[in-house]
Amino acid sequence: MNDWRLASAPLKPFITLSLALLVLLGASACGKSSSPAKALRVGFVPAEEAQQIMQNAQPLVEILRKELGMEVQPFVATDYTGVVEALRGGKLDVAFLAPASYVLAKNEANVRVILKSERKGIPSYYAAIITRADSGINKLEDLRGKTFAFGDSLSTTGNVFPRKMFKEKGIDPVRDFKQILFSGGHDATVLAVLNRKVDAGATYANSPDSKDTAWIRYLKNPEDVKQIRAIAFSEAIPADNLVVSATLDEAIAKRVEQIFLNLSHDPAGKKMLRDLYQIDGFVTATDKDYDSVREAFTIAGIQLKEALQKKKKS
């Protein structure tokens with residue numbers, strides 16, 4: 001998740017309104033550590049088109065409202081940095097985060113990871129380097145002199161781990177690629193490769209056997225899926241997660257955690273999570289689970305604070 005592009009036109013007023021509400025709620029909550037909240041502010045990373053994320057999130061929002069007996073304010077940022085910034089500014093109580101976004105948020109905001117997602121019982125996923133089946137590109141070294149699409153600059157599988165993979169092969173994308181672009185999202189990267197806008201791109205796969213991947217999710221035509229081929233997968237990456245602000249009332253935080261664990265064991269709940277982020281459920285998580293992501297930032301040569309500053313200026 002992350003690759004935060006500008007939302008489509010119909011959603012912009014909603015996002016603007018949501019952000020305004022968050023600012024007001026954040027201002028009222030500022031400095032009141034562990035005080036009971038009047039509304040739960042929940043952030044969602046825009047792993048794909050923001051309007052679709054908001055639509056898919058609505059059933060979960062309604063369950064949280066019903067189970068908690070309080071107002072729930074959903075917020076989909078225009079990019080991954082937006083959720084991290086909202087957490088840092090005290091404008092969110094709960095947030096779905098991609099692994100790289102979590103590492104940034106932990107570094108910059110007062111948050112605590114409570115759960116990580118799992119798919120088919122596995123709490124990890126992979127970065128995948130993809131190209132067209134007819135491209136003649138078979139390995140990472142073949143990408144020299146080619147055009148390439150990363151996702152969002154703070155995307156775990158769309159940028160951080162792919163850069164680590166290139167670094168380990170002695171490949172410098174800036175020096176060795178003909179052109180680099182940032183698509184903003186996994187769906188956009190897949191389409192850019194399919195439509196020959198770029199020679200290759202970085203996205204995610206839930207398994208390293210190409211049976212559960214981003215291109216299968218976003219390409220509805222099976223013939224289009226056959227046109228995409230992965231040439232490399234990363235190591236297993238700890239899955240995306242759910243965090244709470246350290247200032248959130250502990251009783252509410254516990255109830256939120258239990259609600260998502262209950263959804264993980266309910267068929268209808270599983271479908272909601274699957275529709276949202278292709279998640280089958282949640283298991284408990286700790287900060288230490290994400291040490292390999294911190295290491296990936298280091299190996300890729302991406303400094304946490306600099307990465308966040310660059311995103312804010314872009």
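**Figure 1. The surface and the inside of the whole protein.** Start with the outside: the accessible surface of this protein adds up to about 13,300 Å², and carbon and sulfur atoms account for 53% of that. Keep in mind that what you're looking at is a predicted model. As for the inside, 55% of the protein's 314 residues count as buried. The chain contains 13 helices and twelve strands. Now take the contacts between residues at least 6 apart in sequence: 80% of them join residues at least 24 apart.

**Figure 2. Strand β4 and its two partners.** Strand β4 covers residues 111-118, and seven of its eight residues are buried, so you can call this strand mostly covered. Which strands pair with β4? One is strand β11 (residues 241-245), which runs antiparallel to β4 and pairs with it over five bridges. Look for lysine 116, which stands opposite asparagine 241 in β11. Another is strand β12 (residues 281-284), also paired with β4 in the antiparallel sense, this time over four bridges. Here, serine 117 stands opposite phenylalanine 282 in β12.

**Figure 3. A cluster of rings.** Phe282 turns up again in this view, as part of a cluster held in one group by ring pairs. Its fellow members are Phe44, Phe96, Phe260 and Tyr277. Across the structure there are twelve aromatic pairs.

**Figure 4. Two phenylalanines meeting edge-to-face.** Zoom in on the rings of phenylalanine 148 and phenylalanine 166, whose centres are 5.4 Å apart. How do these two rings meet? Their planes are at 80 degrees, and planes over 60 degrees apart count as edge-to-face, so that's the name for this pair. The pair ties together distant parts of the chain: phenylalanine 148 belongs to strand β6 (residues 147-150) and phenylalanine 166 to helix α5 (residues 156-168), with the two 18 residues apart. Are these rings' residues buried or exposed? Buried means under 20% relative accessible area. Phenylalanine 148 has 1% relative accessibility, so it counts as buried. Phenylalanine 166 comes in at 0%, so it is buried as well.

**Figure 5. Charges sitting over rings.** Two arginines are worth finding here. Arginine 163 has its charged end over the ring of phenylalanine 150, 4.2 Å from the ring's centre. Arginine 119 does a similar thing with tyrosine 125: its charged end sits over that ring, 5.7 Å from the centre.

Conventions. Residues are numbered from 1 along each chain as its sequence is written. This is a predicted model: local features need pLDDT of at least 70, side-chain atom pairs count only at pLDDT 80 or more; totals for chains, interfaces and linings use all residues. Side-chain values use heavy atoms; hydrogens and water are left out. Rings of Phe, Tyr and Trp (its six-membered ring) pair if their centres lie within 6.5 Å; planes under 30 degrees apart count as stacked, over 60 as edge-to-face and the rest as tilted. Buried means under 20% relative accessible area, exposed over 50%, partly exposed in between (1.4 Å probe, protein chains only). A charge sits over a ring if NZ of Lys or CZ of Arg is within 6 Å of the ring centre and within 35 degrees of the ring normal. Contact means heavy atoms within 4.5 Å. Accessible areas come from the Shrake-Rupley method with a 1.4 Å probe; for residues, only the protein chains shown count as cover. Two strands pair if DSSP finds at least two bridges between them.
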